[in-house]
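Work through the exercises below with the sequence and the model side by side. Try each task before reading its solution.

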Amino acid sequence: MLASIEQHGNIVVAQRDFSWGMELANIAGIVARHFPDFNGNGFYPHPQEQALQRELMAVPALRQLSQMIGRAKARGMAITNLGLSALCEAQRNAVLYAIALCRGFPTSTDQRTKRVAWDVRARQTTPEQARFVTFSERVGGADMHTDSSFYPMPEEQFLLYVVSAARCNGGASLLIDVEDVERELQKTAEGRAAFELLQKTPVPFRVPSVYAAKDEQLEYHQATVFHRLDDGSLAMRWRYDSISKGLDARPELGSPALLAALALLNEVIEKQAPRFERQLPDDTLLWADNHRTLHGRGTYTDPARHLIRIRISNTPNADRVGPSGIAAD
Ligand SMILES: [Fe+2]
């Protein structure tokens, strides 16, 4: 059993229930031996990631952490008091990379630098730059979405580590179980019709670009909003602004019924579906299923709020199709 467990449907909050002992320095040492440089402490997918994964999985504390997440059979899990707050940035990010690699294969967030560990915090910007600043780089809220929805292979999982929670009483982490979205839709005839339509009709997800204003070519990916995983469970791709921009660019792919179904689903997601909402304290690790939950963020104003995010694919990077996610979500 997990210590101090709190269960909200498929979302779990628990305290770390194992000791790192002397292993934090050992883990950072293993990672350091495999990387000639840390890419500004952001790391990059290691060329021999499967060999490094095997080596890290042999570290008892990392195995225990992986088992702790697996044991809860949750779709989202917040582990408080993770125990990394006394580490310097390089060691902390090395341990986070190691944790991520024990769950799967961390992907690059930034296509230019290949950086894996992404700083989610507000950037100082001019009004002109602010037009291109994304959810992860500004204060305020973030609508519910799945990450990398506009790419062929959205990562199955992600991690967020809270370095410094917002001190302004905002910035709550939000998670919605996809099953709860379906349950809400099933309550009405329009909801049931929308669910049917959005399972069978591909929609264009526009790729957000920090250079969008200069882009000659629009990039988008067509996929259905709802689909079934191999085990029969329901999964989603969702980013309403990306679909709206995709349909603006390709109006022939839309229809009044499709637009109404998408608007209804957005309403259900933003206003009706039950959600896990929590201001996670410093030194919390949030793991989530990126296919079977939606995530978002409550609004905040404290520019010192700082999280680290790592996306994790179940497929080794060498076998992935198309680009990985970007900083934009
Ligand atoms: Fe996101």
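The protein chain has 9 helices and 16 strands; helices (H or I, at least four residues) and strands (E, at least two) are DSSP runs, numbered from the N terminus. The model is predicted: local features need pLDDT of at least 70, side-chain atom pairs count only at pLDDT 80 or more, and totals for chains, interfaces and linings use all residues. Residues are numbered from 1 along each chain as its sequence is written.

**Exercise 1. Chain totals**

Task: find what percentage of the protein chain counts as buried, and what percentage of its contacts between residues at least 6 apart join residues at least 24 apart.

Solution. Start with burial. A residue is buried if 20 or more other C-beta atoms lie within 10 Å of its own, exposed if 12 or fewer, and partly exposed in between; C-beta atoms are placed from the backbone. Of the 329 residues, 42% count as buried. Next, contacts. Two residues are in contact if their C-beta atoms, placed from the backbone, lie within 7 Å. Among contacts between residues at least 6 apart in sequence, 82% join residues at least 24 apart.

**Exercise 2. The strands around E2**

Task: determine in which sense, parallel or antiparallel, strand E2 pairs with E1 and with E3.

Solution. Two strands pair if DSSP finds at least two bridges between them. Take E1 (residues 6-8) first: E1 and E2 pair in the antiparallel sense, over 3 bridges. His8 has Ile11 of E2 as its bridge partner. The two strands form a hairpin with 2 residues between them. In that turn, Gly9 has a positive phi of about 60 degrees. Now E3 (residues 76-80): its pairing with E2 is parallel, over 5 bridges. Here Ala14 is bridged to Ile79 of E3. Finally, check cover. E2 (residues 11-15) has 4 of its 5 residues buried.

**Exercise 3. Helix H3**

Task: test the length of helix H3, then locate its buried residues.

Solution. The expected span of a helix is 1.5 Å times one less than its number of residues. H3 (residues 60-71) has 12 residues and should span 16 Å; its end C-alpha atoms are 16 Å apart, which agrees. Its buried residues are Ala61, Leu62, Leu65 and Ile69. They cover an arc of only 105 degrees around the axis, which puts them on the same side of H3. The arc is that of the directions from the helix axis to the C-beta atoms. An α-helix has 3.6 residues a turn, so residues three or four places apart point the same way. The cover over the buried residues of H3 includes helix H1 (23-34), helix H2 (49-57), E3, helix H4 (89-103) and strand E14 (285-289). Just after H3, Lys73 takes a positive phi of about 50 degrees.

**Exercise 4. Helix H7**

Task: repeat the length test on helix H7 and list what its buried residues pack against.

Solution. H7 (residues 189-200) has 12 residues, for an expected 16 Å; its end C-alpha atoms are 17 Å apart, which agrees. Gly191, Ala194, Phe195, Leu197 and Leu198 are buried. The buried residues of H7 pack against helix H6 (178-185), strand E11 (226-228) and helix H9 (256-272).

**Exercise 5. The largest nonpolar core**

Task: say how many residues the largest nonpolar core has and which helix gives the most to this core.

Solution. A nonpolar core is a set of buried Ala, Val, Leu, Ile, Met, Phe, Trp, Tyr and Cys residues joined through C-beta atoms within 7 Å. The largest has 83 residues; Leu96, Tyr97, Ala98 and Leu159 have the most contacts inside it. H4 gives the most to this core, with 8 residues. The core draws at least three residues from each of domain 1 (6-165 + 279-319) and domain 2 (178-271); these bounds come from an automatic or database domain assignment. Look at Tyr97. Leaving aside neighbours within four places in sequence, Tyr97 is in contact with Val31, Phe43, Pro106, Val116 and Ala117.

**Exercise 6. Four asparagines**

Task: classify Asn41, Asn169, Asn290 and Asn314 as buried, partly exposed or exposed.

Solution.
- Asn41 is in the loop between H1 and H2. It is partly exposed, with 19 other C-beta atoms within 10 Å. Its phi is positive, about 70 degrees, although it is not a glycine.
- Asn169 is in the loop between strand E7 (157-164) and strand E8 (173-177). It counts as exposed, with 12 C-beta neighbours inside 10 Å.
- Asn290 is in the loop between E14 and strand E15 (293-297). It is buried, with 25 other C-beta atoms within 10 Å.
- Asn314 lies in the segment after strand E16 (306-313). It counts as partly exposed, with 13 C-beta neighbours inside 10 Å.
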